[in-house]
Amino acid sequence: MGGSSEGCGRFVKFSLFITNLVIFIASAIVFGLAIWTLVDKSFINELLGTNMFSGVVYVLIIMSLVVLFLSFLGCMGAAKEIKCMLLTYFTIIFLVFVVVLIGGILGYVFREKVTHTMRQEMHSSLKFYGNRRPVTQSWDSTQERLKCCGVDSYRDWQLYGRIPESCCQETYGGQKKPCVDNPNSQTIYMNGCLHITTEYVREHASVIAGCSIALAVLMMFAMLFSCSLFRMIK
């Protein structure tokens with residue numbers, strides 16, 4: 001380590017290794033959560049009229065895989081003290097950091113526009129209920145799982161015909177109460193799906209944003225340590 005004490009060099013090397021080990025574990029967790037979300041939470045895609053939800057999850061899966069590879073590269077670069085590997089690591093992780101930062105800023109700027117778009121798409125999809133199987137399944141799954149009905153209320157369905165049975169509350173035995181012909185607070189889900197779905201998406205977006213911020217902070221330290229170690233290696 002030219003121009004630096006042996007102790008300082010070991011500290012930087014150890015710090016880079018530990019930082020990348022934490023990034024590796026965090027990325028693996030994010031990857032697992034993204035896969036689970038894709039499998040279990042994609043029922044609202046047709047309802048929104050867009051693959052936005054799954055699209056974000058796919059991006060998250062790809063990014064987590066890239067960061068997994070980068071963290072492994074960083075660990076190897078720190079352990080072996082290979083300058084070429086460290087330079088490659090720094091360059092790619094900087095690009096990933098910029099993408100994460102831009103994504104976070106855009107998500108913050110357009111968060112309210114997403115809510116407006118969701119309202120339009122949900123209203124547009126009502127008329128396709130019963131005619132398009134994916135839309136029908138999406139509405140039924142959303143209303144049953146989130147315990148809601150219509151966009152703003154069950155009255156939205158009355159403009160397009162009968163209220164779906166998926167709006168009916170369940171008894172303790174799992175059977176649907178009769179609510180289609182006589183909807184009331186005892187038999188039907190009174191809350192509209194727009195508000196609940198918006199909060200649902202925002203909660204998941206908050207988790208994603210939190211993970212992104214944590215990874216961004218870790219990547220900043222990783223870039224700092226890799227740059228320092230690169231300069232110390234002869």
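**Close-up 1. The disulfide between Cys 148 and Cys 193.** In this predicted model, a disulfide joins Cys 148 to Cys 193, with an S to S distance of 2.1 Å. This pair connects distant parts of the chain: Cys 148 sits in the loop between helix 6 (133-146) and helix 7 (155-158), while Cys 193 belongs to helix 8 (residues 193-232), 45 residues apart. Twist about the S-S bond and you get a torsion of about 95°, so this disulfide is right-handed. As for solvent, both Cys 148 and Cys 193 are buried.

**Close-up 2. The disulfide between Cys 149 and Cys 167.** Here the sulfur atoms of Cys 149 and Cys 167 are 2.1 Å apart and form a disulfide. Cys 149 is in the loop between helix 6 and helix 7, and Cys 167 is in the loop between helix 7 and helix 8, so the link ties together parts that are 18 residues apart in sequence. The link of Cys 149 and Cys 167 is right-handed, with 90° about the S-S bond. Cys 149 counts as buried, at 0% relative accessibility, and Cys 167 counts as buried at 0% too.

**Close-up 3. The disulfide between Cys 168 and Cys 179.** The sulfurs of Cys 168 and Cys 179 are joined in a disulfide, S to S 2.0 Å. Both partners, Cys 168 and Cys 179, lie in the loop between helix 7 and helix 8, so the pair ties together parts that are eleven residues apart in sequence. What about the handedness of the link of Cys 168 and Cys 179? With -80° about the S-S bond, it is left-handed. Cys 168 has 2% relative accessibility and counts as buried; Cys 179 has 1% and counts as buried as well.

**Close-up 4. The disulfide pattern, and two more cysteines.** Searching the whole structure turns up three disulfides. Count the bonded cysteines along the chain and the disulfides follow the pattern 1-6, 2-3, 4-5. Now for Cys 84 and Cys 227: how exposed are they? Cys 84 is exposed, its relative accessible area being 58%. Cys 227 comes out at 35% relative accessibility and counts as partly exposed.

**Close-up 5. The salt bridge between Arg 119 and Asp 152.** Side chains of opposite charge can pair when their charged atoms come close. The count comes to two salt bridges. In one of them, Arg 119 pairs with Asp 152, and the closest N and O atoms are 2.9 Å apart. Arg 119 lies in helix 5 (residues 111-126) and Asp 152 in the loop between helix 6 and helix 7, so the salt bridge ties together parts that are 33 residues apart in sequence. Arg 119 counts as partly exposed, at 34% relative accessibility, and Asp 152 counts as partly exposed at 38%.

**Close-up 6. The salt bridge between Arg 162 and Asp 181.** The side chains of Arg 162 and Asp 181 meet in a salt bridge, 3.2 Å from N to O. Arg 162 and Asp 181 both lie in the loop between helix 7 and helix 8, so the pair ties together parts that are 19 residues apart in sequence. Are these two residues, Arg 162 and Asp 181, buried or exposed? Both Arg 162 and Asp 181 are exposed.

Terms used: Residues numbered from 1 in each chain as written. Predicted model: local features only at pLDDT ≥ 70, side-chain atom pairs only at ≥ 80, totals over all residues. Heavy atoms only, no water. Disulfide = S-S within 2.5 Å. Helix = DSSP H or I, 4+ residues; strand = E, 2+ residues; numbered from the N terminus. Buried < 20%, exposed > 50% of the residue type's maximum accessible area, 1.4 Å probe, protein only. Salt bridge = Lys/Arg side-chain N within 4 Å of Asp/Glu carboxyl O.
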